[in-house]
Amino acid sequence: MVSPLDLDQLQTFCAIADCGSFTEAARRVYKTQSAVSMQIKRLEERLGQPLFLRDGRKVSLTTEGEALYARARRMLKINAEIVDMFSKDDLVGNIRFGVPDDYAVKLLPVILSSFQRTHPRITVDVRCQPSEELLAGMRSGRYDIIVFTQGTMHEFGELFRTEKMYWVASHGGRALASDPLPLACGPSYCTWRADAVEALNRINRDFRIAYTSSNATAISSAVLSDLAVGFLPESALQPGMRVISQEQGLPRLNEAQIALLRASHAYGGIYDALATHIVESMGNLPGSFYARDEATAEPSAAE
């Protein structure tokens, strides 16, 4: 009979994959670095495969490590569910939660307010940042759960919501008629910006980046002030904005994809309570799925 894998070793393995560092992982799992190294050695011996590539001080997953990662996450999730099933403890604790301000402005205040009413003994510390910074913060251990914008560069996390993206301009404004088209958008790494630029290039529409900000409120202000044309998901549309149809010469945009990502320890108990509440409140998909079950996004922290 095949002996079961050690969940403690899998927890340590996922922690290293999340942050790309044996040293940081040791801090997260409350072990010494030598103990962490020994756990990984035993796990690799047990599976007969190397799980990490070590390039100087950098640590990344091997192909075998990538294959194990999603499955190890599922085992940790199921373990937490079993423990919760037999637990009689009240849900008490603190959650470090990150969210892009695109959704913090309109949707999440209501959602988090209702969560606090139903779970008064769980405190949620919220920080609003662009998705790229939230992902970096997750790798460095600053968050337990984040909601972020998924795209072609982020094929991981639990996708739970999609929204139509719209070109928007100010009612009665002149920005739409300008040539080249002035755009208000996020930084160069923004998925929505990359999609909009690709769409405009596809139809050979001249444009210029007239206004750049990582703050959604600032971009909306630029649109409402008729400084530029913008592109926003349906839930971020505001009074005073005019949705621009394809008949007015702008190309169709890909849908916004919203995903939830957890730290490797953030299963069961208070974490499931918040994650479930967000997905049930905001989700519009028939069922969530994992493209790559919470990933590492090229860990590169020093060991």
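User: How many salt bridges does the structure hold?
Analyst: The structure holds 10 salt bridges. Keep in mind that this is a predicted model.

User: Which side chain does arginine 73 meet in a salt bridge?
Analyst: Arginine 73 pairs with aspartate 18, at 3.0 Å from N to O. The pair ties together distant parts of the chain. Arginine 73 sits in helix H4, aspartate 18 in helix H1 (residues 7-19), and 55 residues separate them.

User: Are those two buried or exposed?
Analyst: Both arginine 73 and aspartate 18 are buried.

User: Which residue does glutamate 81 bridge to?
Analyst: Glutamate 81 meets lysine 77 in a salt bridge, 2.7 Å from N to O. Both residues lie in helix H4, 4 residues apart. That is about one turn of the helix.

User: Why does glutamate 81 count as partly exposed?
Analyst: Because its relative accessibility is 34%. The partly exposed range lies between under 20% for buried and over 50% for exposed. Lysine 77 is partly exposed too, at 27%.

User: What about glutamate 198, which residue does it form a salt bridge with?
Analyst: Glutamate 198 forms one with arginine 202, and the closest N and O atoms are 2.6 Å apart. They are 4 residues apart in helix H8 (residues 191-202), so about one helical turn separates them. Glutamate 198 is partly exposed, with a relative accessible area of 40%. Elsewhere, salt bridges that share partners link Glu24, Arg27 and Arg28 into one network.

User: New topic. Where is isoleucine 82?
Analyst: Isoleucine 82 is in helix H4 (residues 63-86). It is partly exposed, because its relative accessible area is 44%. Its C-alpha atom is 8.8 Å from that of glycine 268. Those two residues are 186 residues apart along the chain.

User: Which residues form a nonpolar patch on the surface with it?
Analyst: Ile78, Met85 and Phe86 join Ile82 in that patch. Together they have about 460 Å² of accessible area.

User: Now the inside. Which residues touch the most other members of the largest nonpolar core?
Analyst: Phe97, Ile145, Trp167, Val229, Leu274 and Ile278 do, out of 52 residues in that core. Helix H10 (residues 269-282) gives the most to this core, with 7 residues. Apart from it lies another core of 24 residues, including Cys19, Phe22, Ile40 and Leu76.

User: What does phenylalanine 97 touch?
Analyst: Leaving out residues up to four places away in sequence, its contacts include Leu108, Val124, Tyr143, Ile145, Leu274 and Ile278. Asp125 and Arg127 are among them as well.

User: And strands? How many residues of strand S12 are buried?
Analyst: In S12 (residues 256-262), 6 of its 7 residues are buried. The strand is mostly covered.

User: How many bridges join S5 to S12?
Analyst: There are 6, between S12 and strand S5 (residues 145-150), and the two run antiparallel. One partnership there is isoleucine 145 with arginine 262. Strand S6 (residues 158-163) is joined to S12 by 5 bridges, also antiparallel. Arginine 161 has isoleucine 258 as its bridge partner in S12.

User: Last one. How many helices and strands are in the protein chain?
Analyst: There are 10 helices and 13 strands. Buried residues make up 48% of the 303 residues. The C-alpha atoms fill a box of roughly 70 × 45 × 30 Å along the principal axes.

Note on methods
Residues numbered from 1 in each chain as written. Predicted model: local features only at pLDDT ≥ 70, side-chain atom pairs only at ≥ 80, totals over all residues. Heavy atoms only, no water. Buried < 20%, exposed > 50% of the residue type's maximum accessible area, 1.4 Å probe, protein only. Pairing = 2+ DSSP bridges. Patch = residues over 30% accessible without salt bridge, like charges linked within 9 Å, V, L, I, M, F, W, Y side chains within 5 Å. Areas by Shrake-Rupley, 256 points an atom, 1.4 Å probe, with all protein chains shown as cover. Salt bridge = Lys/Arg side-chain N within 4 Å of Asp/Glu carboxyl O. Core = buried A, V, L, I, M, F, W, Y, C linked by side-chain atoms within 4.5 Å. Contact = heavy atoms within 4.5 Å.
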